[in-house]
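Welcome, and thanks for taking a look at this protein with us. Please have the sequence and the 3D view side by side as you read on.

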Amino acid sequence: MLEKNRRLCAVFAIAFVLVETALGILLQCAHGATVRISSFLSIVIACLFCVFFVQRSRSYVFTQAALLFTVGADFFLVLLPERQQLSGMVCFLCTQLFYFLRLYFEDEKKVRRHRHAVLRVAVTLMSLLLTGAVLGEKTDALAIVSMAYYANLLLNIVFSFLQNGWRSLFSWGLVLFVLCDTLIGIASMGPYITLPADSFVWTLMHPGFDLAWAFYLPSQMLLSMSLLKKSE
């Protein structure tokens, strides 16, 4: 039975990677509505892939919830013709909070769990205070939610590597996640910072393809597959 389960997991994983790779190529080559649809579909498939390996565990529940909120975020930010940024970022914040819960309950070291929770609250509050200090009267809900989201994503990366080491699909999925968001954050600074066309950052932001999605889609694939060993 164990060998049969491993073969089934392998078949599903290979099919998943092939389908997502095809969609990843499509969203880089297509235009208009096709890009939105193929992009959103790739995230839905990543969420559905995790459903095939349902299990009675906190790790599964938190991971699946995080993937569902990721789908919700991309509904608001990718699929809709007019982006709803605040709704999308609220969903992304929920995604990182569920990944935090997975890390918290998987951690077998009680002292580190306690320190993790305290640090999480402190860093989140500091990110909110920093946002207010920098933006002043321009501080709005989107800025607050975005900073809280980014702070929690960074903390998830740190504690994932501490707990799971360097061979963890979950850890590297989060790393690709933050690389995508960092690129999007730099791009959003366009109205405030003028970058010379011959600068490294400008070249990085204009490689001739959607670099953010080149990080984002693989991140969701790795996060979705991060429970495979636990399901065998």
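A residue counts as buried when its relative accessible area is under 20%, as exposed when that area is over 50%, and as partly exposed in between. Asp140 has a relative accessibility of 38%, so this residue counts as partly exposed. If you would like to find Asp140 in the view, look in the loop between helix 5 (110-135) and helix 6 (141-164). Leu86 is 54 residues away from Asp140 along the chain, and the C-alpha atoms of the two are separated by 9.9 Å. Please keep in mind that what you see is a predicted model.

Now for the overall fold. The protein has ten helices and zero strands, and its pattern along the sequence reads α-α-α-α-α-α-α-α-α-α. The chain has 232 residues, and 41% of them count as buried. How much of the contact network links residues 24 or more positions apart? Among contacts with a separation of 6 or more, such pairs account for 69%. On the outside, the accessible surface comes to about 13200 Å², and carbon and sulfur atoms contribute 70% of that area.

Next come the charged pairs. The structure holds two salt bridges, listed here with the distance between the closest N and O atoms.

| Salt bridge | Closest N and O atoms |
|---|---|
| Arg102 with Glu106 | 3.1 Å |
| Arg112 with Asp107 | 2.8 Å |

Why are Arg102 and Glu106 separated by about one helical turn? The two residues are four residues apart in helix 4 (residues 85-106), and therefore about one helical turn lies between them. Both Arg102 and Glu106 are buried. In the other pair, Asp107 has a relative accessible area of 4%, so Asp107 is buried as well, the cut-off being under 20%.

Finally, let us turn to empty space inside the model. Rolling a probe the size of a water molecule over the atoms shows where such space is left. The structure holds one cavity of 30 Å³ or more, and the space in the largest cavity is about 30 Å³. Which residues line the largest cavity? They are Cys50, Phe53 and Tyr60, together with Ser224, Leu227 and Leu228. By class, this lining consists of five nonpolar residues and one polar residue, with no charged ones.

How values were computed:
Residues numbered from 1 in each chain as written. Predicted model: local features only at pLDDT ≥ 70, side-chain atom pairs only at ≥ 80, totals over all residues. Heavy atoms only, no water. Buried < 20%, exposed > 50% of the residue type's maximum accessible area, 1.4 Å probe, protein only. Contact = heavy atoms within 4.5 Å. Areas by Shrake-Rupley, 256 points an atom, 1.4 Å probe, with all protein chains shown as cover. 1 Å grid on protein atoms, 1.4 Å probe; cavity = no way out; pocket = protein on both sides within 12 Å on 5 of 7 lines; lining within 4 Å. Points joined across faces, edges and corners; volume = space filled by probe spheres on them. Nonpolar A, V, L, I, M, F, W, Y, C, P; charged D, E, K, R; others polar. Salt bridge = Lys/Arg side-chain N within 4 Å of Asp/Glu carboxyl O.
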